[in-house]
Amino acid sequence: MPSATVNKHRPSELLSRLASADPEVKVRALRELKNQIIGNRTKKLSFLKLGAIPSVACILADSIDEVTESNSCNSNNTNNILVQSAAALGSFACGFDAGVQAVLDAGAFPSLLRLLANPNEKVVDAGARALRMIYQSKLAPKYDFLQQKNMEFLISLLSSEKENVGGLGASIITHSCATNLEQKALFDAGILRKLDSLLEGGSLSQRDASLESLATIFRNNPEVISKFAGPEIGRPFSSIIDLAKDRHPRTRLLACMCLIVIRNASPHFLQDIGIKTKIIHILLELLDDPGQVGDEAPFAFSILIAQKEDLQKLALEANAIDKLHHHLEKGSLHPRRFEGILLALADMCSKLESCRSKFLSLQVLNLVADALTDYNSGVRTAACVCLKSVTRSIKNLSAGYFMNEIIVIPLVQLFLDPSSSVQVAALGAVSNIVVDLTTRKSVFIQCGGMNQLVQLAKSMESSVRSNALWALKNFVFQADNRLKESVFSELTASLLSNLICDPEPSVQEQALALVRNLVDGCVNLIEFVFAEGGLILEAIGRQLQCASKAEIGIQGMYALCNVASGNEFHKEAVIQQLFTQMDDKNQSFVIKFLQSNDSQLRIATVWTIVNLTCTSSHGAPGRLEKLHNAGITSQLKNMVNDPCVDVKLRVRTVLGQSMAFGDN
Amino acid sequence: MSLFWIVIRQVAEIEEQMGTSKKVITPEEWEKRLNDVKIRKEDMNKLVMNFLVTEGYVEAAEKFRMESGTEPDIDLATITDRMAVKKAVQCGNVEDAIEKVNDLNPEILDTNPQLFFHLQQQRLIELIRNGKIEEALEFAQEELAPRGEENQSFLEELERTVSLLAFEDVSNCPVGELLDISQRLKTASEVNAAILTSQSHEKDPKLPSLLKMLVWAQNQLDEKATYPRINDLSNATLEDPAV
């Protein structure tokens with residue numbers, strides 16, 4: 001019986017045999033090394049640490065240079081050394097990035113390339129296989145398709161009869177082809193035709209490799225797609241469509257992914273309902289595959305339906321949500337599969353209320369809530385994204401359906417997650433849930449959610465800051481005074497004014513929107529902006545002067561608008577802000593906003609002016625004069641026929657109000 | 001008339017009968033219809049060759065090729081290699097089998113974690129079977145435990161196998177079936193299938209599918225007609241319908 005024990009002394013002993021001068025000993029040692037590492041990630045790592053890879057790379061390089069004499073025994077040994085060392089290097093690189101890096105660092109890549117020109121078939125095969133393993137990793141060197149020599153080499157690879165050599169060509173394309181320019185170069189060189197012929201006549205692995213390469217060349221390139229489809233071919237992409245029904249699951253998946261790439265890039269192809277339904281069914285059925293194919297299928301499904309209501313509807317009719325739920329129920333899922341299914345559900349429920357109702361009726365929510373505490377961060381993030389989609393259901397939000405412990409408590413705990421992407425995703429879900437007008441949000445407050453949000457508003461990560469502010473903005477939306485006051489005292493005026501002037505525009509926007517919501521609805525709340533010497537009001541004025549995008553202007557103006565709806569003192573303070581901040585052309589930002597292309601910005605500005613000049617306030621005439629002197633009244637007169645109805649009506653309101661005081 | 005002919009004609013005929021409403025078909029009528037069904041000899045030969053090749057009967061395939069002129073769809077030399085692997089597993093020489101697979105195609109075990117685990121598992125079983133308990137323990141710790149760490153779904157299988165070590169009388173314990181010859185055959189079959197797939201060959205022969213088709217088709221037609229049935233696949237006799 002063969003001894004199966006791995007003697008602890010063996011690894012280093014094995015490596016010393018590699019260095020032997022006797023070629024037969026060397027070959028045996030190489031073969032033994034290869035057999036120990038194939039399939040065994042742990043061994044690959046330990047041999048890597050012992051420096052096996054540079055040793056093998058050295059042997060390979062030396063053996064290639066050996067001139068093979070006519071003595072067949074010697075050349076036999078040399079060939080064996082080449083084959084075994086290439087196989088060992090290939091195995092180190094197979095699915096193991098540290099191995100790929102070590103093989104590249106050891107300088108083995110050029111040696112392996114040279115093997116492709118060797119007269120011995122087995123040597124070529126071993127070299128091609130090893131290179132293929134390297135090219136399956138992102139770490140492989142980028143291949144420059146735009147160089148003529150390289151393109152010729154690639155064509156020679158694809159034209160080879162040998163399966164592994166052709167497969168190498170396809171792997172190189174899948175790995176390195178990135179830009180539209182490269183895609184076009186490959187098309188012009190006739191590569192696509194070659195790949196297409198492999199689809200029809202090639203072996204299983206050749207077909208799979210071609211599907212991946214074709215998808216890479218088609219991605220985001222409608223021009224190449226339509227050139228490939230061409231007017232003269234009867235049923236474009238028929239070979240790919242046929243492969244979507246192939247016996248082998250991996251082929252079906254790759255074919256679907258290729259079709260999805262084509263669909264998404266080009267509005268002309270694969271748009272009929274038949275093909276859409278077919279792809280949906282195939283992907284849902286692939287979920288049943290127990291292996292990697294089943295893990296990847298939900299991701300392909302997401303790419304297919306994301307942002308597309310028509311496809312989401314078709315998928316709903318195909319019972320997608322039931323099927324995804326069924327797989328979730330199975331439990332102990334591979335993390336990748338778990339993540340994929342959650343994201344697929346998130347995409348399904350992102351736009352359609354019918355999908356969300358289905359989701360909630362199946363009691364999927366509990367499974368998703370469980371996923372919030374999964375050990376894998378990708379799964380946690382996906383669970384939050386899923387909740388964010390589902391909590392867009394206004395019907396259920398208003399019924400207070402989501403403001404419960406099962407969901408809120410784990411979500412708030414995720415605010416402290418080590419991963420910032422988990423934090424941001426949790427904030428996204430919470431932002432929806434706190435728009436709850438019925439239950440007084442007690443669960444959220446009780447578990448310290450509000451304080452946590454304020455803490456996150458101070459995060460180093462800008463995306464965390466802006467999402468935390470978004471959640472707070474929603475939290476205080478039409479909330480009662482007491483709640484708003486507690487938020488404000490927790491935040492403080494100085495923090496809020498700093499956030500308004502944050503370096504990140506998205507943070508500025510959310511901070512201004514938060515102020516808008518805080519001061520809305522009650523005159524007493526307006527005092528917030530005057531706290532600590534009017535820090536916030538100043539900050540708003542400053543930020544509006546240098547607003548980098550319309551959204552910032554909109555939120556800031558609405559904040560000012562709300563302040564201006566208060567008493568005389570408030571209105572005076574606002575008008576001061578409008579005019580103390582002047583640019584070098586001595587123009588107030590008000591004019592700039594009124595002239596903006598964005599109708600939302602125009603309307604927000606006009607509303608503010610309406611509030612400043614309303615007839616019931618005795619300071620109105622003075623403010624009107626200021627506005628007139630700044631050229632605003634004439635600007636408004638130019639806007640009486642503004643294309644936006646809201647703007648038109650409010651402009652006329654202002655002009656009506658100014659006439660009531662006697663126009664100048 | 002070979003059994004094979006009979007089976008194939010039966011399938012073809014039944015499919016044709018599906019369209020009509022329920023009725024009784026006499027044996028004479030049925031025979032007459034069967035005679036009208038045309039089956040090509042070349043197709044039959046291909047099916048036989050496919051069976052021999054997939055199951056790995058190299059010499060029979062060679063002889064059949066010489067005598068019938070039918071070309072196999074894969075290189076017969078590769079069958080020899082594949083059969084050597086299968087045989088090694090069936091005899092319990094798992095380490096030898098692994099080396100042979102890796103010589104044939106190093107990617108197979110590198111990209112098939114489940115197969116690799118089952119081969120390692122078989123190695124452990126063989127060690128236990130031969131009473132090499134110390135070695136078995138060491139092997140389980142060194143080789144199988146990392147597999148369990150790399151992939152959680154193997155842990156349960158691993159625990160079952162290791163539990164063999166806990167029993168005095170292994171042949172009578174709850175996981176005793178692992179020591180059975182059928183476990184070796186299962187593993188051998190798994191390796192065979194993986195090699196076939198890597199060679200882009202279908203891993204299952206066509207003949208069983210044909211027989212399954214026959215059984216299914218007869219069950220379907222039973223709802224519509226009474227007719228002579230094949231009830232014993234091994235002798236393919238047409239049994240007269242019950243009157």
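Within chain B of this predicted model, the mean confidence is lowest, at 80, in helix H1 (residues 3-17) and highest, at 95, in helix H6 (residues 94-104). Confidence is expressed as pLDDT, the predictor's score for each residue on a scale from 0 to 100, and helices are DSSP runs of H or I with at least four residues, strands being runs of E with at least two, both numbered from the N terminus. Over chain B the average pLDDT is 87, and 97% of the residues reach at least 70. For the complex, the predictor reports an ipTM of 0.77 and a pTM of 0.82. Where pLDDT is low, predicted coordinates should not be read in detail.

Residues are numbered from 1 along each chain as its sequence is written, with chains lettered from A and ligands numbered from 1 in the order of writing. In this predicted model local features need a pLDDT of at least 70 and side-chain atom pairs count only at 80 or more, whereas totals for chains, interfaces and linings use all residues; side-chain values use heavy atoms, leaving out hydrogens and water.

Chain A contains 41 helices and zero strands. Its radius of gyration is 33 Å, against a value near 26 Å for a compact globule of 664 residues; the radius is taken over C-alpha atoms, and the globule rule is 2.2 Å times the number of residues to the power 0.38. The C-alpha trace of chain A extends about 115 × 60 × 50 Å along its principal axes. Of the 664 residues, 56% are buried, where buried denotes a relative accessible area under 20%, exposed over 50% and partly exposed in between (1.4 Å probe, protein chains only). Among the contacts in chain A with a separation of 6 or more, 69% join residues 24 or more positions apart, a contact being heavy atoms within 4.5 Å.

Helix H32 (residues 493-500) of chain A is mostly covered, with six of its eight residues buried. The buried residues in H32(A) are A:Ala493, A:Leu495, A:Leu496, A:Ser497, A:Leu499 and A:Ile500. Their cover includes helices H29 (449-456), H30 (462-476), H31 (481-491), H33 (505-519) and H34 (531-545) of chain A.

Contacts between the chains include those of B:Glu107, a residue of helix H7 (residues 107-110) of chain B. B:Glu107 is buried, with a relative accessible area of 15%, and touches A:Arg129, A:Arg132, A:Met133 and A:Asn164, residues up to four places away in sequence not being counted.

In helix H5 (residues 76-90) of chain B, B:Leu76 is likewise buried, at a relative accessible area of 6%. Neighbours within four places in sequence aside, B:Leu76 is in contact with B:Val53, B:Val58, B:Ala61, B:Glu62 and B:Arg65. B:Glu62 lies 14 residues from B:Leu76 along the chain, and the C-alpha atoms of the two are separated by 7.7 Å.

Most residues other than glycine have a negative phi. A:Asn220, which is not a glycine, has a positive phi of about 55°. A:Asn220 is located in the loop between helix H13 (204-218) and helix H14 (222-229) of chain A and is exposed, with a relative accessible area of 57%. B:Ala236 also has a positive phi, near 50°. B:Ala236 occupies the loop between strand S3 (229-230) and strand S4 (238-239) of chain B, but is buried at a relative accessible area of 2%.
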